[in-house]
Structure formats: C-alpha cells, structure tokens
Amino acid sequence: MVSVSNESPSRSVRDRILRSAAAAVTGLAAAAAAVGVGEPVAVFTGPDTAPVYAVGSAAIDLTPTPLKEYAIRTFGTNDKPVLLSGICLTMALLAALAGMLAHRRPLAGAAVFAAFGGVGIRAALSRPGAAALDALPAVAAGTVGFTAMLLLALLLRRSVRATLPDGPPEQLTASTAAGQQAEQPARDRSSHRPSRRSVLAATGGTVAVGALAGFGGRAVSDRRHDIGAARASVRIPSPAEPPPPLSAALHPAVPGLSPFTTANADFYRVDTALTLPRIDPRQWSLRIHGMVDHPLLLTFDDLLRLPLEELDHTLSCVSNEVGGPYVGTTRWLGASLPALLRRAGVRPGADQLVGRSQDGMTIGTPLESVLDGRRALLAVAMNGEALPVAHGFPCRTVVPGFYGYTSATKWLVDLDVTTFASYDPYWVRRGWDRRGEVRTASRIEVPAPFARVPAGDVTLAGTAWATHRGIAAVEVRVDGSPWQAAQLAADGGPDLWRQWTHTWSSAKPGTHRIEVRATDTSGAVQTEARAAPFPAGATGWHSTVVTVT
C-alpha cells in the first residue's frame with residue numbers, strides 16, 4: 001500500500017493563509033455588528049453613550065497630560081477625529097485577531113467581544129453623572145459581538161472541514177477502487193455542510209446589518225437630539241447699554257493680518273468633548289450654590305430677563321504654542337456674573353468658583369478675580385447671535401484675564417462657590433497651574449513664515465495680547481539687531497488684543513530672522529525664555545524666517 005498526498009507544501013501554506021484571512025474577516029464583521037448595534041440603543045441613552053464615543057471619552061480622561069499636549073500640538077482641532085480613528089483601528093486589529101483565535105477556539109474568540117463590551121460598560125459608567133442605563137449600548141454591543149463571532153466562527157470551521165478529506169492525506173491509498181469507496185461517503189456528509197459561498201454571505205450580511213444599524217442609529221440619534229430649531233428660535237435681547245461699534249483704527253489695513261474680530265466659524269475650539277452636548281434651552285437651568293447665603297436656580301428665560309451687557313474680549317487657550325492660533329476676539333453678550341454672585345451672597349472664606357458643564361467638565365476660577373470689578377459674564381451670545389453649540393450654547397462663562405481652562409465653562413449647568421483647598425477641578429487634577437492667568441504674548445503674522453518678499457521696504461505686522469492688563473508696546477528686530485518700536489493700532493481696552501505694524505527699511509537679499517516681543521501696561525516685558533504650554537502657558541519670543549529676493 002503506497003501513501004500519497006494530493007496537496008503540495010506551497011498550496012498548504014496558501015490555504016492556511018486564506019483560512020486565516022477569512023477568520024480575520026469574520027472578526028471584523030462581528031465588530032461591525034457590535035459597534036453598529038450600539039448606535040440604535042444610544043438613541044435612547046444619548047449619543048455620547050455609544051460604545052466608541054464612551055470609550056473615547058474615557059481614553060481622553062486617562063491620557064497623560066504630555067500626550068494630550070502632543071496631540072493638540074500635532075493635530076490641532078483634528079485631535080478628536082484622530083483619537084476616534086485610532087480607537088477604531090485598534091478595535092479592528094483586535095477584532096481580526098479575535099476572529100483568527102475563534103477559528104481555532106470559538107468560545108475564546110467570542111469572549112474577546114464580551115471583554116469589549118465590558119470595557120464599554122466601564123467607560124460609560126465612568127462619565128460624570130452617568131446612570132445605569134448609560135451602559136445599555138455597551139451591553140448590547142458586547143452581546144451581539146459575542147454571538148456574531150461565535151456563529152461566524154462555527155460556520156467557517158464547518159465550511160473548511162467540508163472542503164477537506166475526512167482523514168489526513170497519509171491515510172489515503174493509491175487504490176482507485178478504495179479511493180472511490182472512501183470518497184462517496186465524504187461527499188454525502190459534506191453535502192450537509194455550509195459552502196464557502198454561504199460563509200461569505202453570512203459575513204457580508206453581518207457587516208451590512210452592522211453598517212445599517214450604525215449609520216441609521218446615528219442619524220436617528222442626531223435627529224432626536226438636534227437642537228438646531230430650538231437654538232434658532234432663541235431671541236437674544238439687546239444689551240441694557242449698547243457699546244459703541246469697534247473703531248476701524250483698531251485694525252491696520254495690512255493684507256494677511258488677522259481680522260480684529262474673529263468670526264464665530266473661525267473661533268478656535270479646544271476641549272475634551274467627543275460629542276457636543278446638545279441642550280434644549282427650554283430644559284436648561286443653572287444652579288448657583290455652595291458657600292452662599294441664598295442659592296439660586298435660573299432658567300434660560302430668567303437669564304434673558306436680566307440686564308444683559310456686551311463685552312469685547314480676547315480669549316486664548318493655555319495649549320497655545322508661542323505664535324500659535326488658539327486665540328480669538330469676539331463680542332460676548334450675557335448677564336453679569338458678579339451681580340448674580342452678590343445676589344446669592346458669597347460667604348467669607350470662599351475663594352474658588354467652580355463651573356460644571358453638561359458633560360461633566362469642571363473649571364475653577366479664582367473668586368476674588370470674578371468680584372474685583374472686571375466684567376465677567378454668563379454669556380448667551382457671541383458676535384450678535386446665540387452661542388454656537390460648539391462654543392457652549394445655551395450658556396457659558398467668560399472671565400477676562402485667564403486662559404479658557406480656568407475661566408470658560410462651556411455648556412454651563414452649575415456654579416459652585418467653594419474653596420481651592422476643598423476641590424481640584426479637572427485640569428488642576430492633571431497638573432495644570434491653579435490660576436491660569438494669561439501670559440503676555442505676541443506673534444508675527446505678516447510676512448508668513450518662509451515667505452519670499454522683494455528687497456526694499458517690507459511691512460511687518462502682527463498681534464499682541466495680555467488679557468486684562470493690556471499691551472503698552474511692541475518691538476521687533478531683524479537678525480539680532482537692536483529692538484525697534486512697532487507702531488501700535490488703537491487701544492480697544494485691556495481685555496482686547498492689540499495689533500501692530502512696522503516698516504523694515506531697505507531689506508537686503510538673503511535669509512533673515514524676525515523676532516517680536518511685547519510689553520504689558522504694568523511695564524513687564526515678554527520673556528525670551530522658552531517654556532512649553534504645560535503647566536501655566538507658553539512663553540518666549542515668536543520668530544519667523546523670510547527670504548528677501
């Protein structure tokens with residue numbers, strides 16, 4: 001009896017690779033079903049409870065501060081799409097590996113998806129103010145992923161067995177008659193086993209159902225939680241004492257220089273919210289409590305009935321690098337925050353005002369700075385329209401003199417008068433400076449970095465700010481030459497940035513380095529020492545390199 005094998009080594013390797021690839025695809029299909037089914041369930045529990053978003057939000061909270069700063073520095077306002085993409089890619093890789101494991105050990109591979117669900121449940125319940133029902137999308141995702149993986153793995157295993165002889169190749173003889181006798185029962189048995197086509201159909205169907213559930217659920221959720229009509233219906237009252245229009249003298253007519261007032265669409269956004277809180281103003285309320293004699297509860301209508309005032313103010317982000325883009329000026333409209341705090345009756349010993357957002361973010365502001373005479377607001381409008389959702393609709397705080405992380409609570413729902421000793425807000429717990437006062441900063445905007453300009457007189461221009469102190473002087477120099485005073489535009493007040501121009505006379509051909517520094521109204525000159533944004537804001541002189549032709 002002679003043993004033969006009809007399978008060459010190269011074909012055996014190729015078949016193993018194909019089977020592994022097929023198993024990986026079943027894992028991806030199970031993941032698609034799991035993620036997809038979480039979206040329709042999140043229609044009832046909120047968009048931010050969908051598994052991917054819940055895990056993403058938890059990941060943001062667990063990310064070390066240096067890594068967060070790297071993400072903002074590298075990806076800017078695209079940091080959140082990058083994070084979500086990274087989560088999805090990681091999930092896809094793990095799902096593919098789970099599919100390969102399930103081909104050999106179906107229950108073990110399916111258990112990976114149960115673990116996915118457990119991670120989602122923990123992430124959903126870790127969010128501030130989370131309720132038990134917030135875990136339902138992750139429960140559904142884990143259950144569907146487990147079931148889909150188990151069924152697809154068993155189907156694939158049966159399909160693979162149907163394409164192989166019942167015994168190993170060495171047990172087959174060269175006898176034609178014996179081969180025919182052994183082959184017939186195998187064909188009969190395999191006729192009851194699934195074909196490759198049925199596995200492909202089941203896998204594709206699983207992906208299709210997951211995609212339909214995912215995109216359909218997200219669309220329904222967006223419609224259900226849409227507040228566009230509610231925001232559009234808000235009629236913002238006029239300020240009690242309208243300020244005069246901003247003077248044209250505030251903005252030099254230099255092409256390429258930032259507009260003095262930043263359009264809402266161009267205003268920077270740096271926060272931790274993966275899904276924007278969507279709050280119907282008819283259901284919104286603000287609680288002012290803590291170390292006060294008379295706690296207050298205000299509805300949105302209550303807020304609009306108060307005397308409103310407008311404030312032109314330059315807001316900047318502590319994550320802004322030297323010369324960076326995370327700064328803007330707008331005209332805010334809102335109720336006086338100091339007046340409301342005095343109405344509540346602040347008790348002696350309180351030194352911190354903690355704002356809480358709808359999404360659980362906490363922002364701590366030095367209380368004495370809110371009550372020292374500066375015009376701090378509970379803002380409801382921005383540049384003449386209701387706050388955009390991305391910038392805090394229906395209400396946010398604005399306190400001049402501080403970076404956003406200690407003064408600007410978006411989607412505000414709670415104000416707690418407390419002490420620094422008794423409570424550390426979100427960013428302080430992560431090592432940032434407790435006060436967050438804006439540092440003096442300046443930047444060169446014209447010419448652009450690495451621009452090529454003609455020889456002769458060259459116009460330089462830019463912007464400087466030292467919020468709530470104001471800018472007294474700006475100086476520029478080229479190639480380390482003596483500092484020269486720049487011409488300042490009109491002064492709009494200490495809470496606004498100030499723009500400047502300078503004529504670089506008789507610029508010679510070659511590559512040149514331009515530097516800028518500012519002096520605030522206290523006489524303090526912007527420091528040359530470079531410091532990263534963490535933990536109290538970036539410092540250093542901004543510079544740019546240009547080529548004169």
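I began with strand β14 (residues 471-478), which pairs with β15 in the antiparallel sense over two bridges. This is a predicted model, and I read it as such. I looked up Glu475 next: its bridge partner in β15 is Ala485.

**The five-stranded sheet**

I then traced the sheet around these strands. It is an open sheet of five strands, in the order β12-β19-β18-β14-β15. The pairing is mixed. Which strands stand at the edges? I found β12 (452-453) and β15 (484-485) there. Each has a single partner strand, so one side of each is left without a neighbour in the sheet.

I also checked the loop between β18 (510-520) and β19 (542-548), where Pro535 is found. A cis peptide bond joins Phe534 and Pro535. I noted omega at about 10°.

**The four-stranded sheet**

I moved to another open sheet, this one of four strands. I read the order as β11-β13-β17-β16, with antiparallel pairing. The edge strands are β11 (441-446) and β16 (487-488), and each pairs on one side only.

Inside this order I followed β13 and β17. Strand β13 (residues 456-465) and strand β17 (residues 498-507) pair over eight bridges, in the antiparallel sense. I picked out Ala461, which stands opposite Thr501 in β17.

**Strand β4 and its partners**

How many residues of strand β4 are buried? I counted 10 of its 10 residues (327-336) as buried, and I logged the strand as mostly covered.

I looked at its pairing with two strands. Strand β3 (residues 308-316) pairs with β4 in the antiparallel sense over nine bridges. Here Leu315 has Gly328 in β4 as its bridge partner. Strand β7 (residues 377-382) also pairs with β4 in the antiparallel sense, over five bridges. There I found Gly334 opposite Ala379 in β7.

**Nonpolar cores**

I turned to the largest nonpolar core, which has 52 residues. Which members touch the most other members? They are Trp332, Leu337 and Leu378. Strand β7 gives the most to this core, with six residues. Apart from it I found another core, of 21 residues. I listed Val52, Phe260, Ile363 and Tyr403 among them.

**Backbone oddities**

I kept the background in mind: most residues other than glycine have a negative phi, and most peptide bonds are trans. Several places depart from this.

I stopped at Asn383, in the loop between β7 and β8. Asn383 has a positive phi of about 55° although it is not a glycine. Is Asn383 buried, partly exposed or exposed? Its relative accessible area is 29%, so I noted Asn383 as partly exposed.

Trp411 also has a positive phi of about 55°, and Trp411 is not a glycine. I placed Trp411 in the loop between β9 and β10 (412-418). With a relative accessible area of 2%, Trp411 is buried.

I added a cis peptide bond to this list: it joins Phe393 and Pro394. Omega is about 10°. Pro394 lies in the loop between β8 (385-386) and β9 (396-398).

**The helix pair**

I went on to helix α4 (residues 79-104) and helix α5 (residues 106-125). Their axes come within 5 Å and cross at roughly 155°. Angles over 145 degrees count as roughly antiparallel. I therefore recorded α4 and α5 as roughly antiparallel to each other.

Which residues make the contact? From α4 I listed Met91, Leu94, Ala95, Ala98, Leu101, Ala102 and Arg104. From α5 I listed Pro106, Ala108, Gly109, Val112, Phe113 and Phe116. By class, the contact has 11 nonpolar, one polar and one charged residues.

**A last distance**

I finished with Ala59, which lies in helix α2 (residues 51-62). Ala59 is partly exposed, with a relative accessible area of 25%. I checked Ala59 against Leu311, which is 252 residues apart from Ala59 along the chain. Their C-alpha atoms are separated by 36 Å.

Definitions and conventions
Residues are numbered from 1 along each chain as its sequence is written. This is a predicted model: local features need pLDDT of at least 70, side-chain atom pairs count only at pLDDT 80 or more; totals for chains, interfaces and linings use all residues. Side-chain values use heavy atoms; hydrogens and water are left out. Axes are lines fitted to C-alpha atoms, for helices over the stretch in contact, and angles run from 0 to 180 degrees between N-to-C directions. Angles under 35 degrees count as roughly parallel, over 145 as roughly antiparallel, 65 to 115 as roughly perpendicular and the rest as oblique. Contact means heavy atoms within 4.5 Å. Ala, Val, Leu, Ile, Met, Phe, Trp, Tyr, Cys and Pro count as nonpolar, Asp, Glu, Lys and Arg as charged, and the others, Gly among them, as polar. Buried means under 20% relative accessible area, exposed over 50%, partly exposed in between (1.4 Å probe, protein chains only). Two strands pair if DSSP finds at least two bridges between them. A nonpolar core is a set of buried Ala, Val, Leu, Ile, Met, Phe, Trp, Tyr and Cys residues joined through side-chain atoms within 4.5 Å.
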